[in-house]
Structures are given as C-alpha cells and as structure tokens.
Amino acid sequence: MTFLRRLLGFSGSRHGKNSRSFTGDGSAQPKRFIVMGKGGTGKTTISSALARALSSKGKDVLAVSLDPAHNLGDVLGCSLGSEPKKIDDHLAAFELDLDEQVQRFVEEKLRQMRPLYGNLQIFNADKILDALKQSPGMEEFAILEAIGEISAFAEKCDAVVLDTPPTGMTVRVLSLPDITLLWVAELVKLRSKILDRRAYIQNIERTDLETDPGDDIVMAELRRYKIEIEATRSFLLGEGSSIFLVLQADKLSVSETERTIRKLDSNGYRIGACFINRASKGEGRAFLYDSCGLSNLMELYDEIPWIELPDLGSDISDPQSLLDLGDVICGFLDAGDAR
C-alpha cells in the first residue's frame, strides 16, 4: 500500500519506547489488537473505543477496518476512505477497499508470474485477471496481503487496531499463513526436483538450462514469498499481538464464540480476552448466562480473561463516550482483571 508510506506524519511525535505499558513493552513491533466478533455484538465500537483510549494516552495508533461492511468511520464520527485519515494528533484510521485490494493483489501476482513463466504471454491476461478475481479464497488472500503491507509500516505506530471481517472470513485469513507456508515448502521441493531433472538432462544433452537453485528465479521468488508470509504470520501471531473476541449474552453469539475459540486454538492463536459487551447486572445475570450457555463457556475456557463491559447506552459514537468505554477496557487489561 503506497498510501501507508504517507502515514500522514502522525507518528512524528513519537515518544520513547520505554513509555509503553500494556500497549507497549519496549519491543520493536507495536502492539497489535485483532478485534473479532459476530455481527452486531459491538466489535467495531470496541475497536474504536480502544483506539480512542490508546491515542488519548499519547500512543500513536493506526485503526484499520478490514470488514467489507465498513462502520469504523461511522463510530469514530468521521468519513473514512482507503487512505489513512488523521483523526487526532495520535490517531489515524482507514477502511480497506476490498474490491480495490483484490484487483491490486491479482494484478501484482500476474506481474510477478510473467517473467517466471514466459508461456503465459500467449494467454489473454485480462481473462486470467477476471477469472482470478472471482476465484474462491481470493478475498482472504487479498486481506492477508493488506495485513502484510500494514505490518511493513507498523513500526511507525505504537499500536495497530484491526477491526476484522465476519468471524468466518477472519478465521480463514488467520489460518492462511500456516497453510501458505506448507504450500511453499512443497513447491520448493517440487522446484528442487525440476532443477535436478534439468541437471540430469544437461549432462546428457549439454543444453543451456538453469540448474543452480541459487540462481533460479522461480526458487528465488518462492523464498522471497516465504519470508513475506513469515513476517505477516509474526505480525498476527507473534509477541505483542492480542486477539479480542466480542460477544453478547445470547445463544447465537455464545455458540459462534465457542467455535471461534476452538478454531483459533487449533491454529496456534491465543485469545487475549473475551469482551462480554453490554453485560447484564443484577439478579438476572446468572440466569441469563446459564440459559445462553455463557456460564459453561466461561468455565470451559477459564484461562481466558472474560471482561464484562457495561452498557453505556445505544449511541456511544461521540468521542467522549468512546473514550469512556476505551478507558474501561484499558483499565481491565492493565489490571489483568478477568471478571
């Protein structure tokens, strides 16, 4: 993303690394907050509140909506596009244009493939482009590519908040690095066999074929892509990255949260916290949590912090209300309070 090179200069006031607390522990990478949840649970509101609170503490924050149904700008109270917009002295935000990202992703991959496979020149590139854009999984790969591009410039920030697409798509995106690395490993093996066969043919026929893996452009591209995917995986899964699941006390939300925890756990992702949004108070709380299965889920995964957030009203999109909610979130996280 070339626009990330022009990150609006909002990181120019960057303070020393040692000032980080929960949102920064002195590591080279910024804190990354991946906020996930079923539609309607308040995922975007919590993403926005967290971004507002962190920026109010002097942290340089980039908030990004990866959800095709963008609401980040609505909650932050400003119009957002596909380039970062400065919200305040320490906060910038943008909404990923998924159609544009898919287009750029496919065009870039075709550009990379052409010098590797000259025989592609005989095909109609436009037809290939249209077919690839409609291929299953292309949106997920395009989002992963966008995350990789964001990570390349993340050192400009103290924190990055990712407001994610619907849970199913996000889980697929998060599983892609490991799947892709497996494919790359197999392709490297296959390319090595091809080069071995070439060497055998060259010894017999004295042909002018490239046989050295160190000089082979296809092998070089596979290794480059491996490094790129490993960097993206580290950004998503490495030290300083936290996944926050947002849910409400209803059966559908609880069921989806349970499935999400299982899937993320199988892919090696640790849940930083589960936020029970608009949590019930008073005598009806225990009955509600029992009836929707939330009590069982909290007991089953008692190693995960379960943070109950108060209901601050139906409209908390004004800056002060978001800041109030964000301060509640940061207060729980810094205190390590799970209840």
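Ser47 is a residue of helix α1, which covers residues 43–56. The model is predicted, with a mean pLDDT of 82 for the protein and 77% of its residues at 70 or more. Over residues 2–26 the pLDDT is below 50, and this stretch has 72 contacts in the model beyond near neighbours in sequence. Where pLDDT is low, the predicted coordinates should not be read in detail.

**Helix α1 and Ser47**

- Ser47 has a relative accessibility of 2% and therefore counts as buried, the cut-off being under 20%.
- Outside the four places on either side in sequence, Ser47 is in contact with Val35, Val161, Leu162 and Asp163.
- Twelve of the 14 residues of α1 are buried, so the helix is largely enclosed by the rest of the structure.
- The buried residues of α1 include the polar or charged positions Lys43, Thr44, Ser47, Ser48, Arg52 and Ser55.
- Also buried in α1 are Ile46, Ala49, Leu50, Ala51, Ala53 and Leu54.
- The end C-alpha atoms of α1 are 20 Å apart, in agreement with the 20 Å that 14 residues should span at 1.5 Å a residue.
- Gly58, just after α1, has a positive phi of about 90 degrees.

**The sheet**

- An open sheet is formed by eight strands in the order β3-β4-β2-β5-β1-β6-β7-β8, with mixed pairing.
- At the edges stand β3 (85–88) and β8 (306–308); each has a single partner strand, so one side of each is left without a neighbour in the sheet.
- From one strand to the next, the twist averages 25 degrees.
- Strands β1 (residues 31–37) and β6 (residues 241–247) run parallel and are joined by six bridges.
- Within that pair, Gly37 has Val246 of β6 as its bridge partner.
- On to β7, strand β6 pairs in the parallel sense over five bridges.
- Here Leu247 has Ile276 of β7 as its bridge partner.
- Strand β7 is mostly covered, with six of its six residues buried.

**Helix α7**

- Helix α7 spans residues 217–237, 21 residues in number.
- From its first C-alpha to its last, α7 reaches 30 Å, close to the 30 Å expected at 1.5 Å a residue.
- Val218, Met219, Leu222, Tyr225, Ile229, Thr232, Phe235 and Leu236 are buried in α7.
- An α-helix has 3.6 residues a turn, so residues three or four places apart point the same way.

**Nonpolar cores**

- The largest nonpolar core has 55 residues, of which Ile243, Leu264, Leu294 and Trp306 touch the most other members.
- Another core, of 31 residues, lies apart from the largest one; among its residues are Leu72, Leu76, Leu80 and Phe332.
- In soluble globular proteins, nonpolar side chains tend to be buried together.

**Asn267**

- Asn267 is placed in the loop between α8 (251–266) and β7 (271–276).
- Its relative accessible area is 21%, and Asn267 is therefore partly exposed, since buried means under 20% and exposed over 50%.
- Not counting residues up to four places away in sequence, Asn267 touches Ser175 and Asp178.
- Val171 is 96 residues from Asn267 along the chain, and their C-alpha atoms are separated by 9.2 Å.

Terms used: Residues are numbered from 1 along each chain as its sequence is written. This is a predicted model: local features need pLDDT of at least 70, side-chain atom pairs count only at pLDDT 80 or more; totals for chains, interfaces and linings use all residues. Side-chain values use heavy atoms; hydrogens and water are left out. Two strands pair if DSSP finds at least two bridges between them. Helices (H or I, at least four residues) and strands (E, at least two) are DSSP runs, numbered from the N terminus. Axes are lines fitted to C-alpha atoms, for helices over the stretch in contact, and angles run from 0 to 180 degrees between N-to-C directions. The expected span of a helix is 1.5 Å times one less than its number of residues. Buried means under 20% relative accessible area, exposed over 50%, partly exposed in between (1.4 Å probe, protein chains only). pLDDT is the predictor's confidence in each residue, from 0 to 100. Contact means heavy atoms within 4.5 Å. A nonpolar core is a set of buried Ala, Val, Leu, Ile, Met, Phe, Trp, Tyr and Cys residues joined through side-chain atoms within 4.5 Å.
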